[in-house]
Amino acid sequence: MLKLKKIHVMNFKSLRDCQIKLGKFNVLIGANSSGKTNLVDLFLLLRKIYTEKNMNPFRYWWGYQNAVWNKKEEENISVKLFFNLKTKEKSYDIIFQTTFTGIGGQFRILKEKLEIKGFFKLTFENNRLKFVYEKEYFDKIWDEIDGLMKKRNDLREFILRGGEQFSDASQFREQNIWIQSRDLFEALKPRLSSPFLFDITPQKKFVSYILNSEPELHSKNFRNVIMVFDVPIKKSPNRKKHTTRGYYLLRQVTDMIIEFFSKILVLKLNITEIKRLVPIKKEEWLLEDGSTTNTVLYNLYLKEGGIPDGIVRILSRLFPEIEVKFSLTDDQRVYAKILENDLELPPVCIADGIYKILSISSALELKSSILIVDEIENSLYPKALEKILDEFKSADTMSIVTTHSPVVVDMTDPKDLIIAEKKAGETKFRRIKDPTAARKKLQDAGITFSEGWLYGNL
Ligand SMILES: Nc1ncnc2c1ncn2[C@@H]1O[C@H](COP(=O)(O)OP(=O)(O)OP(=O)(O)O)[C@@H](O)[C@H]1O
Ligand SMILES: [Mg+2]
């Protein structure tokens with residue numbers, strides 16, 4: 001699974017030039033208007049662009065001018081995400097950067113970069129896909145190719161006849177391909193089924209096909225090279241089994257990034273919306289206002305043959321006397337109702353806090369890539385908050401919660417706190433430099449962590 005380690009945002013709302021290091025659990029605190037919700041919105045935006053494929057992802061903010069820093073429409077928004085991927089064998093650092101605009105009401109992705117450190121870098125700009133190997137990796141595979149060529153006289157001869165042009169290895173370090181696509185992942189998709197990477201199979205059979213049927217290939221020479229190198233694999237009876245390392249890695253990484261975007265779960269819960277009766281749909285993601293809570297909960301109930309254990313665990317701790325049931329309306333809308341002792345309550349009679357817990361605990365069940373909850377404290381009393389925060393800390397899912405609540409600050413390990421501050425119209429995020437020392441200093445002064453924060457001592 002991909003882990004998001006850091007974000008660098010440029011020009012989104014008050015996030016003029018912001019870097020944020022992320023842990024597994026992050027509590028974002030800050031004054032009103034410091035930019036907490038703006039960070040939450042950034043994740044909404046990424047999902048709108050890469051998953052919902054929204055034609056106008058800025059509509060939510062009433063247009064690009066409101067989404068771009070200081071309404072400077074001529075500026076582009078840029079988001080750089082730093083991921084880490086751990087496999088059994090190796091750890092990969094992956095950076096994905098996307099730069100886009102919505103000037104004149106027209107959303108356009110201007111540039112995307114995908115870098116797998118130590119391997120290669122892809123840049124997609126102006127419908128041109130550029131592929132650059134890192135020297136170390138290139139040299140390694142080139143040595144293997146060279147070795148292979150020495151062993152395979154037939155191949156060697158073929159190569160010598162077919163393309164003198166690749167006597168210089170440096171030619172292969174950069175490739176340009178013209179492609180019409182909305183984004184990098186789309187651009188790679190059809191091509192990934194006919195891989196274009198230049199690489200070696202584990203069996204040391206050389207494979208490199210680059211769309212040799214594609215007319216838009218930029219470099220004619222390169223095409224010759226590819227056709228030459230395609231030969232050994234065509235001879236192989238079990239061709240499909242030859243997965244090239246670089247190709248396989250790129251495919252895995254792009255799939256994971258796309259999945260990461262599709263599983264971003266943002267909650268800016270609105271109690272009236274949470275209680276909404278919604279038509280039953282088979283697959284439903286939790287929407288940011290909470291308006292699909294009832295279907296999501298019902299789907300989980302159907303899938304697991306009962307309310308999922310995680311939700312039951314939270315509810316029984318906080319509200320031992322209640323039981324959740326469902327009702328369907330004549331027009332196939334579903335809603336949760338609560339049996340409180342013997343009292344059956346429809347949504348309008350259910351406490352806001354109970355419904356909020358239902359919504360957040362359903363979110364925890366959805367296996368999101370990152371769960372972001374704005375103003376976690378709303379509608380919840382301290383014990384409920386504490387229980388929910390414990391669930392966040394022990395969940396597999398990475399999370400960010402924002403809060404104004406001193407109670408939440410005091411319940412949080414100082415190393416998990418991120419402080420948002422806005423100066424001269426720009427948000428900056430920072431962590432507490434030395435959490436242990438800060439805690440001691442405040443303890444010695446006889447004040448709590450939240451008091452320390454409120455009085456500017458963190
Ligand atoms: N396009 C923009 N350019 C620059 N700054 C902006 C832009 N849009 C919003 N802002 C700034 O962001 C602020 C709102 O930030 P945000 O909603 O993230 O605050 P918050 O920390 O969530 O506050 P609260 O605790 O009150 O919810 C606005 O008051 C404004 O200063
Ligand atoms: Mg806010």
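Helices and strands here are DSSP runs, numbered from the N terminus, with at least four residues for a helix and at least two for a strand. In those terms, Ser33 sits in the loop between E3 and H1. The model is a predicted one. The points below cover the ligand site, a sheet, a pair of helices and several single residues.

**Around ligand 1**

- Ligand 1 has 18 residues around it, and those that come nearest are Asn32, Ser33, Lys36, Thr37 and Asn38.
- Helix H1, residues 36-50, gives the largest share of this shell, with 3 residues.
- Sorted by class, the shell holds 12 polar, 3 nonpolar and 3 charged residues.
- Ser33, in the loop between E3 and H1, has a positive phi of about 70° although it is not a glycine.
- Is Ser33 buried or exposed? Ser33 is exposed, because 12 other C-beta atoms lie within 10 Å and a residue with 12 or fewer counts as exposed.

**The sheet of six strands**

- An open sheet of 6 strands runs in the order E12-E17-E18-E3-E19-E20, and its pairing is mixed.
- Its edge strands are E12 and E20 (426-431), each of which pairs on one side only.
- From one strand to the next, the twist averages 20°.
- Strand E12 (residues 264-267) and E17 run parallel and are joined by 4 bridges.
- One residue pair in this match is Leu267 with Val373, its bridge partner in E17.
- E17 also pairs with E18 in the parallel sense, over 4 bridges.
- On that side, Ile370 stands opposite Met398 in E18.
- Strand E3 (residues 25-30) and strand E19 (residues 417-423) run parallel and share 4 bridges.
- Val27 has Leu417 as its bridge partner in E19.

**The two faces of E17**

- In a regular strand, side chains alternate between the two faces of the sheet.
- Which residues of E17 point one way, and which the other? Ile370 and Ile372 point one way from E17, while Leu371 and Val373 point the other way.
- All of these residues are buried.

**Ser369, just before E17**

- Ser369 is placed in the loop between helix H12 (352-365) and strand E17 (370-373).
- Ser369 counts as buried because it has 20 C-beta neighbours inside 10 Å, and 20 or more is the requirement for that class.
- Leaving out residues up to four places away in sequence, Ser369 touches Glu259, Phe260, Lys263 and Ile264.
- Ser369 and Leu4 are 365 residues apart along the chain, yet their C-alpha atoms are separated by 9.0 Å.

**Helices H12 and H13**

- The axes of H12 and helix H13 (residues 382-394) come within 11 Å and cross at roughly 5°.
- H12 is therefore roughly parallel to H13, since angles under 35 degrees count as roughly parallel.
- From H12, the residues Gly353, Ile357, Ile360 and Leu364 meet Ala384, Ile388 and Glu391 in H13.
- By class, this contact of H12 with H13 has 5 nonpolar, 1 polar and 1 charged residues.
- Ala395 is found in the loop between H13 and strand E18 (398-403).
- Ala395 is partly exposed, because 18 other C-beta atoms lie within 10 Å and this class falls between exposed at 12 or fewer and buried at 20 or more.
- From C-alpha to C-alpha, Ala395 and Leu364 are 7.5 Å apart in space, and they are 31 residues apart in sequence.

**Leu122 in strand E7**

- Leu122 lies in strand E7, which covers residues 120-125.
- With 20 C-beta neighbours inside 10 Å, Leu122 is counted as buried.
- Not counting residues up to four places away in sequence, Leu122 touches Leu114, Leu129, Lys130, Phe131 and Leu184.
- One of these contacts, Leu184, is 62 residues from Leu122 along the chain, with 8.8 Å between the C-alpha atoms.

**Lys13 in a loop**

- Lys13 lies in the loop between strand E1 (2-12) and strand E2 (15-21).
- Lys13 has a positive phi of about 45° although it is not a glycine.
- Why does Lys13 count as buried? Lys13 has 21 C-beta neighbours inside 10 Å, and the class of buried residues begins at 20.

Conventions. Residues numbered from 1 in each chain as written. Chains lettered and ligands numbered in written order. Predicted model: local features only at pLDDT ≥ 70, side-chain atom pairs only at ≥ 80, totals over all residues. Near = placed C-beta within 6 Å. Nonpolar A, V, L, I, M, F, W, Y, C, P; charged D, E, K, R; others polar. Contact = placed C-beta atoms within 7 Å. Axes fitted to C-alpha atoms, helices over the stretch in contact; angles between N-to-C directions. Parallel < 35°, antiparallel > 145°, perpendicular 65-115°, else oblique. Pairing = 2+ DSSP bridges.
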